[in-house]
Structures are given as C-alpha cells and as structure tokens.
Amino acid sequence: MKNSKTIRHEFLDFFKNKSHKVVPSSPVIPKDDPTLLFTNAGMNQFKDVFLGIGNRPYKRAVNSQKCIRVSGKHNDLEEVGSDTYHHTFFEMLGNWSFGDYYKREAIQWAWELLTEVWNLNPRKLWATVFKDDDEAEEFWKSETNIEHSQILRFDEADNFWEMGETGPCGPSSEIHIDLGEEYCDKKYLKNHNCHVNGDCGRYIELWNLVFIQYNRDENGKLHSLPQKHVDTGMGFERIVAILQGVNSNYNTDLFLPIINKVEEISSFRYNETDESRRIAFRVLADHIRMLTFSITDGAIPSNEGRGYVLRRILRRASRFARKLDLHEPIIYELVPIVVEIMAEAFPEILQKKKHVMDVIRSEEENFNKTLDRGIEIFDNLANNILKNGQRIIPGEEAFRLYDTYGFPLDLTRVMAEEKNMTVDEEGFDSEMEKQRERARQAGKFSVHLDQVDQWNVLHHCASNSVFVGYENLSLESEICKFAFKGGKFHFVLAETPFYPEGGGQVADKGRITVENVDLKVVDVKREGSEIIHICEGPEDLNIIHARAKAEVDSGHRFPTMYNHTTTHLLHEALRRVLGKHVQQAGSLVSPERLRFDFTHYKKIEREELEEIERIVNEQIRKDISLDIFYTDIKKAREMGVIALFDEKYEEQVRVITIGDFSRELCGGTHVNHTGQIGSFIIVEESGIASGVRRIEALTGPAAIEFMQKTRNILSNVSQILNTSYENITDKLKILSEQIRDQEKRLQKIQTEEILSRVDEIIAKSKKIGKISLGFHIFHDIDMDLLKQVADRFRQKTHLGVLLLVNQTDDKLNFVYTITDDLVKEGYHAGKMLRDIAKITGGGGGGRAHLATAGGKNPDKLDAAIQHLEKILNKREK
C-alpha cells in the first residue's frame with residue numbers, strides 16, 4: 001500500500017516530467033487578496049495571471065496547495081465530522097496552464113495519471129462536463145478510453161467553477177469514481193437513487209478540471225479573459241483514501257496517527273465506540289490540522305475576521321472533546337502528530353510547532369473556564385423549551401450563549417440538532433445587529449453635516465478640505481462655509497494644516513483667526529470628503545470675510561508625531577520578539593502617550609518587554625531618516641508593506657519607511673528622523689480581550705518625566721526601608737513574609753477564640769422537645785471558620801441543630817448543621833435552610849448534615865429564627 005508521501009511525490013513528478021514547474025504552496029493566509037479570508041484553492045496565488053495583470057516566468061505549474069474552507073461560498077464546516085470526506089483543511093493537488101495547453105491535454109494527462117500510473121479501473125470512472133461544452137465531451141471520447149455512457153452533462157451548479165462571488169471562472173469537467181454500492185450511506189431512504197453528483201457516499205468527485213476563460217465582476221457579469229487557462233484541483237485526502245483502499249479519509253495515514261493519539265489521551269477507541277463519539281474523533285483530527293497550518297501562517301484566534309473563524313473552530317473542537325470526557329486542554333497535544341505527518345512537505349509547521357501549541361493551549365484554557373457552564377445553561381434552556389412542546393432555541397438566547405459564554409452560532413446549532421431542535425438564526429442575527437448598532441452609536445461622531453445648523457457659504461471653493469499639514473503648520477485659507485452649533489463654530493476651509501482624528505491619531509489642536517479674533521480649535525473631524533474644524537469663540541462674532549489664518553499648536557502636534565512614529569517601531573519590534581502573527585488591533589496616538597493593541601495569545605514576559613523596549617530605543621538612537629512616498633496599493637503589497645487586513649485602502653497609498661526596519665501604510669503625521677523621538681518606555685502591558693494584548697508607552701519628555709518620578713519613588717522607598725535601590729526587592733520579600741507569618745498567628749488566635757465559644761453556644765441552646773437548637777451571630781467572619789464551628793458543634797453534642805449567621809453590612813451568610821442522629825431520623829439541613837433563607841430574601845442549600853445560604857435583609861433575621869423554631873416544634877410534636 002502506498003503511503004501519502006509517495007502519492008504526493010508521484011503527482012508532482014508526473015507533471016514535472018511534462019515540463020511543469022513545481023511551485024511551493026502559498027500560505028493559507030492570503031497576503032495580498034482582500035477578497036479572501038483563507039486560501040481556498042490552488043489557483044489563488046495565480047489569480048493575477050488569470051486576470052491578465054500579472055505573469056510568471058513559466059507557462060506550466062504544479063503543486064500541492066494548503067487550503068482552508070470554513071467560510072464564504074466554499075464552506076464545508078457543517079459536514080466536517082458528520083461524514084468521512086469533508087474537511088476544513090485539505091491539500092489540493094493541482095496543475096496549471098497559463099495560456100499554454102488547454103482542454104485536450106488537461107483531460108488526456110488526468111486520465112493517464114489515474115489509470116496508468118495509479119492503476120484505477122477505467123470502468124469505475126465517470127466524467128462530467130458543462131451543459132454547453134461540446135469540446136470537452138469530444139476530448140473525453142477521443143483522448144481516453146472512458147465508457148461514453150459515463151460522460152454526463154450538468155449545469156452551472158455542478159460544472160461551472162468560481163473562486164468566489166467575483167473573480168476568474170469558467171466551465172469545468174469533473175472526474176468521479178464509483179466506489180460501489182456498499183459505500184452508499186442513504187440506503188435507508190425508500191426512494192434513494194445513487195448517482196453522480198448525488199448526496200450519498202458511493203460516487204465521489206476525484207478531480208476537477210477547470211477551463212478558465214472568464215472573469216466575473218461585482219455585478220455578476222462575465223468578461224472574457226485575454227488568454228485561456230487550465231486550473232485543476234484534486235483533493236489529496238480523497239485520492240489517498242482511494243489508493244490506500246480504505247472507506248474513509250480518516251482511515252488513511254494522514255489522520256490515523258492523530259486518531260490514535262486521541263485514543264491514547266481518552267478512554268475510548270475509535271472503532272469500538274458509538275457514532276457520536278466517532279464524530280468527535282473525526283472533528284478533533286480534522287480541526288487540529290486546520291489550526292496548525294493557519295496559526296503557522298500567521299493567524300491568531302480573536303473576535304474579528306479570520307481570527308474569529310479560528311476561534312470558532314477551536315471552540316467547536318473543545319466542545320466535541322467533551323464527548324470523549326476530555327475536560328482539560330488536550331487539543332494542543334495533537335500538534336506534534338500533525339507535524340510528524342506533514343512536516344516533510346511543509347517544513348514551516350516544524351519551525352512554528354511550539355508557537356502553535358502555545359496559542360492553542362492558551363485559547364483552550366480561556367474557553368474551558370466558560371464552556372462547561374455554557375453547556376449546562378444550554379441543556380437547561382433546551383430542556384425547558386422541550387417541556388413546553390417547542391423545538392426552537394430563541395435567537396436572543398443563542399446570542400446570550402455567544403455573548404456571555406463565547407459559543408459561536410454554529411456550535412449552538414450543532415448542540416440543538418443533537419436534541420432534534422433548531423435555532424432562530426434570524427433572531428440571532430437581529431440581536432447581533434443590535435449590538436453592532438450600539439457599538440456604532442457609542443463611537444459615532446456627534447456632529448454630522450446634516451445635524452449642523454444651516455451652513456453659511458462664504459466662498460465656493462474649488463476644492464474643500466485639502467490637507468497640507470504634512471508640510472505646513474500654519475497658513476491662510478479661504479473659508480468655504482461655517483456654522484454655529486452647540487456653542488461652537490464649525491469651519492470648512494479650502495486648505496488646512498489641521499490633522500483630523502483618524503487612524504488612531506488624535507486631532508490637532510491650535511487656533512483659527514477670523515475677523516482678527518482667535519478661535520480655539522478643540523476638535524477636528526473628517527466627515528465624508530470634508531474636514532470640519534470645531535472651535536470655541538464668542539457667539540456674537542460677525543463673520544463677513546472669507547479668509548482665516550489656521551495655526552496648529554506645535555506643542556500638541558510634535559509629541560503626537562513622536563508617538564505615532566514610535567507605534568510603527570513598536571509594531572515591528574513586537575513582530576520580531578513575539579512572532580509574525582502579531583497584527584495591529586487598534587491604537588491611540590496622543591501627545592501624552594501611545595496605546596497599541598495587538599493580537600497575541602498570552603501575557604508578555606518581563607524579559608520580552610525589555611527586549612521590545614531595547615529594540616525600539618536602538619532604532620531611535622540610530623536616528624534613521626524616514627522615507628515617505630506614495631504608490632499604488634498593488635506595488636505596496638509587492639514591497640511587503642504592512643497593511644491592516646480589514647482596512648479599505650484607496651488605489652494610491654502613503655508608505656512610511658523607517659530604514660530597513662519598518663514599512664507600513666499610514667496617513668498619519670510622523671517625525672523626519674527617529675532621533676527626534678528621544679526615548680521610549682513601556683509603562684503597562686495588559687490583556688483587553690481573549691487573544692488581544694495592549695501596551696501603553698511614553699516617549700520623549702514624557703518618558704523622561706516618568707523615569708524621574710519612578711526614581712523619586714524608589715528613593716523614598718529605599719529611605720523608608722533603610723536599604724539601597726538594589727536591595728529593595730529582597731527587603732520587601734522579608735517584610736512580606738513577616739506580615740504573612742503575623743497574619744497566620746493572628747488567624748490562629750482568632751480561630752481558637754471563636755472555636756472556644758462552641759461550649760458556650762451549646763450551653764445556651766434552646767430545648768425544643770428532645771432537640772437542642774444553637775444559634776449565634778458573628779460579624780465579618782470567614783465562612784470556612786463558621787463551618788469549623790459547625791463541625792466542632794457536631795462533635796461535641798447530639799440531637800442538636802445549629803444556625804450560625806455572619807453579618808457583613810447589609811448581607812447575611814448562614815451555616816446550618818444537624819447532628820448525625822437527627823439526620824438518621826430524616827432531618828435535612830439543606831432543605832430546612834432553603835426555607836429559612838427565603839424569609840431574608842436569599843437562598844441556598846446543601847447536604848443533609850451541613851448547608852450554607854445567603855440573605856439580603858437583616859431586618860427579617862428574627863422572623864427567620866422564629867420560622868426555624870416553628871419547623872422544629874412541628875417535627876417534635
């Protein structure tokens with residue numbers, strides 16, 4: 001039996017011998033295609049060639065491409081695990097012709113490889129063609145020995161291939177294999193009929209030959225491409241299963257080692273358990289491959305874009321792990337197995353193995369804290385709905401699971417299906433949109449053009465709001481229009497040196513002089529194509545002349561520039577120290593400080609922060625001149641310029657280059673050379689969301705001032721402790737240990753003193769029949785100590801019950817215990833205390849001999865005691 005490595009080599013070598021260039025797989029994270037979250041086909045890296053806007057030094061190519069399909073048009077996630085042949089990650093074996101050979105050779109060579117190299121039985125192979133493609137059908141008849149009756153025609157749904165909603169496309173011809181009647185998984189359906197492009201497992205697509213001759217635009221219209229191309233794709237996992245003679249992709253050497261590892265971790269055996277657990281095995285084996293490759297190529301779990309897709313996959317895997325009674329993080333332990341299987345073909349996963357394991361483990365640990373609680377909430381919700389004769393999970397409840405417990409909608413859907421229920425997805429979408437609208441409203445600029453009082457047009461400017469503030473901090477400009485609103489003037493100038501808030505950078509401050517009156521500029525906003533200057537000034541100012549002098553406050557602009565350039569240095573330093581997965585997730589650039597949010601999966605160690613700080617300061621000391629220029633977005637990406645994935649860029653973009661250290665797209669204001677920044681210091685690092693960290697830092701004079709204040713604090717502390725700077729930590733450790741020892745001694749004394757009151761409590765107990773009722777109120781006592789009092793009570797007496805109360809401000813805590821002899825008579829502490837606590841506005845419960853509860857109304861405590869006495873009197877009569 002051939003192993004998967006041999007099969008991959010045979011495919012590549014076959015086409016290499018037919019003058020094809022073996023090209024490496026592109027990353028699963030597209031670097032220069034904003035239309036894709038993930039690489040979903042082998043042709044993605046050749047899209048520019050098919051569109052006629054790029055070329056390669058070869059006309060024929062072959063490779064094995066890493067692919068992910070979990071979102072958008074090609075979304076196989078729902079089937080993954082439920083059947084044996086859908087996957088989130090897979091390899092796509094493919095060969096291409098760029099304006100060279102076409103249909104004849106593509107069909108001829110595909111048939112040769114399948115039937116002569118891999119020796120598949122021609123009688124089991126079927127071919128499909130597009131309904132109007134007479135040429136392809138004729139080549140199948142003339143160039144192969146396929147049975148003519150096994151050539152079928154289908155429409156656009158099956159034989160017209162498209163990469164996405166837009167882009168290259170064309171008619172296709174697919175090769176299917178008949179695995180035999182025993183592979184049909186729909187035999188239980190009365191009128192089921194096995195056929196090509198059917199819905200059972202008997203006929204499986206092996207190879208798709210796409211003849212690319214069109215480009216579909218955003219309006220859905222087809223345009224002929226300058227040249228005709230061939231793009232073929234064959235699912236590697238499927239052909240391996242066929243050639244290894246197994247009935248499932250998961251039984252091949254691509255998956256079995258992973259399944260064996262899951263067996264080792266769990267107490268179940270894949271072939272000896274029920275189908276629901278076999279699905280869990282398959283989900284884990286599939287999802288770990290997707291996670292390993294996507295994280296290796298730079299993705300990181302987050303709440304946006306492709307990061308959220310990773311988070312959904314990981315959380316789906318975590319939930320299925322529960323099916324195998326695996327409640328601790330274990331998914332990360334599967335990474336080394338994937339590396340062992342795949343590293344020969346894709347060595348990058350070996351280099352990033354530890355990083356991938358760290359990311360997955362961190363995400364597992366975070367989600368596991370809420371997963372079990374979320375499952376419990378879902379089960380209770382679902383059971384209540386079923387009791388009421390309903391079978392639909394309300395959209396608002398599905399959204400609550402998402403918002404509070406991190407449950408992606410598809411995870412809730414799967415859990416609902418297991419109970420034969422559905423989810424109100426429209427209601428979920430409605431709740432999601434409400435949340436987005438709340439977020440939009442919270443961050444929305446409060447003054448819009450249509451909200452401002454009637455504009456006064458002073459001059460019909462040829463162009464409004466031309467920003468010239470990169471070069472000038474002051475100028476005279478025409479006033480295009482102005483208005484007075486909310487006690488402030490609003491101006492639109494023909495030209496302005498004022499930078500409007502955007503890209504994380506705060507707006508400039510300064511003044512605008514109108515009619516010889518200085519107006520303080522307090523804010524600057526961009527609204528559409530116009531820059532609005534919001535100014536404070538006298539309401540009775542009479543504006544007649546259409547000229548104004550605009551002056552930016554350099555004391556505000558310059559430190560803002562220091563901080564903005566530093567964010568670029570910091571971004572690159574983070575990528576060098578933590579890894580290329582780091583991506584900007586938000587920023588604030590103000591004159592006082594900078595704040596930088598970025599994707600990373602765990603807390604940054606002190607040594608790493610020091611290294612990041614060192615790198616940034618090193619670039620500042622080098623006094624590197626910035627090179628700032630404009631270019632088109634395509635060239636910028638070819639240069640490796642860092643851009644935000646979700647950002648919408650114009651055709652012409654502004655590139656900020658800092659030597660050979662950093663290169664980013666940015667419209668903000670920057671220093672001329674890094675030495676102007678002076679110094680840099682990190683003041684805080686924190687986590688703001690799962691997978692997102694934040695660094696706050698200072699530069700220039702603010703950094704010096706911070707260091708001086710810190711030095712003064714250290715000086716004062718060293719004087720108080722009567723020690724040197726170097727010994728402050730050791731001295732504090734000694735003092736801390738001494739304080740802990742004192743606290744332990746005091747706690748021991750307090751414990752002994754309180755426990756000594758048990759005899760007094762017993763002596764003062766009230767007799768109700770044969771029962772002794774003990775009662776005592778404490779103030780601000782630890783609950784564990786109250787439980788010790790209860791245990792001591794039970795040891796020292798019999799036929800007794802004890803109610804202890806701890807009162808803190810307006811809150812009550814109860815500990816209630818019953819001796820063993822009364823428990824044997826049917827008394828139950830948990831049930832009794834539940835009734836008592838209700839009277840004080842609280843609740844609780846526990847076991848037969850010991851229970852705890854809380855209360856909200858101390859004024860009802862006497863009534864609660866009376867109720868307890870009433871219960872005991874009733875039992876003793």
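## A partly exposed phenylalanine and its surroundings

At 31% relative accessibility, Phe-706 falls into the partly exposed class, because that class covers values between the 20% under which a residue is buried and the 50% over which a residue is exposed. The structure described here is a predicted model, and every value in this report was computed from that model.

Phe-706 sits in helix H19, a helix that spans residues 700–721. Together with Val-683, Ile-704 and Met-707, Phe-706 makes a nonpolar patch on the surface, with an area of about 290 Å². Helix H19 gives the largest share of this patch, namely 3 residues.

### A buried threonine in a loop

What is the relative accessibility of Thr-144, and does that value make the residue buried or exposed? Thr-144 has a relative accessibility of 11% and therefore counts as buried, since the limit for that class is under 20%. Thr-144 belongs to the loop that lies between helix H4, residues 134–143, and strand S5, residues 151–154.

The side chain of Thr-144 reaches two backbone atoms, which are listed in the table below with their distances.

| Side chain | Backbone atom reached | Distance |
|---|---|---|
| Thr-144 | oxygen of Trp-140 | 2.6 Å |
| Thr-144 | nitrogen of Ile-146 | 3.3 Å |

When residues up to four places away in sequence are left out, Thr-144 touches Ile-107, Trp-111 and Phe-139.

### A pair of strands

Further along the chain, strand S21 (residues 584–589) and strand S22 (residues 594–599) run antiparallel and are joined by 5 bridges. The connection from S21 to S22 is a hairpin that passes through 4 residues. As one example of how residues of the two strands face each other, Leu-588 stands opposite Arg-595, which is in S22.

### The chain as a whole

How many helices and strands does the protein chain contain? The protein chain has 25 helices and 33 strands, and the elements discussed above, including helix H19 and strands S21 and S22, are among them. The chain has 877 residues, of which 51% count as buried. Taken along the principal axes, the box filled by the C-alpha atoms is roughly 105 × 90 × 60 Å.

Among contacts between residues at least 6 apart in sequence, 67% join residues that are at least 24 apart. Finally, the protein chain exposes about 41800 Å², and carbon and sulfur atoms supply 45% of that area.

Definitions and conventions: Residues are numbered from 1 along each chain as its sequence is written. This is a predicted model: local features need pLDDT of at least 70, side-chain atom pairs count only at pLDDT 80 or more; totals for chains, interfaces and linings use all residues. Side-chain values use heavy atoms; hydrogens and water are left out. Buried means under 20% relative accessible area, exposed over 50%, partly exposed in between (1.4 Å probe, protein chains only). A polar contact is a pair of N or O atoms within 3.5 Å; within protein, one must be able to donate a hydrogen and the other to accept it, and residues adjacent in sequence count only if both atoms are side-chain atoms. Contact means heavy atoms within 4.5 Å. Two strands pair if DSSP finds at least two bridges between them. Patches are made of residues with over 30% relative accessible area and no salt bridge: like charges are joined within 9 Å, nonpolar side chains (Val, Leu, Ile, Met, Phe, Trp, Tyr) within 5 Å. Accessible areas come from the Shrake-Rupley method with a 1.4 Å probe; for residues, only the protein chains shown count as cover. A salt bridge is a side-chain nitrogen of Lys or Arg within 4 Å of a carboxyl oxygen of Asp or Glu.
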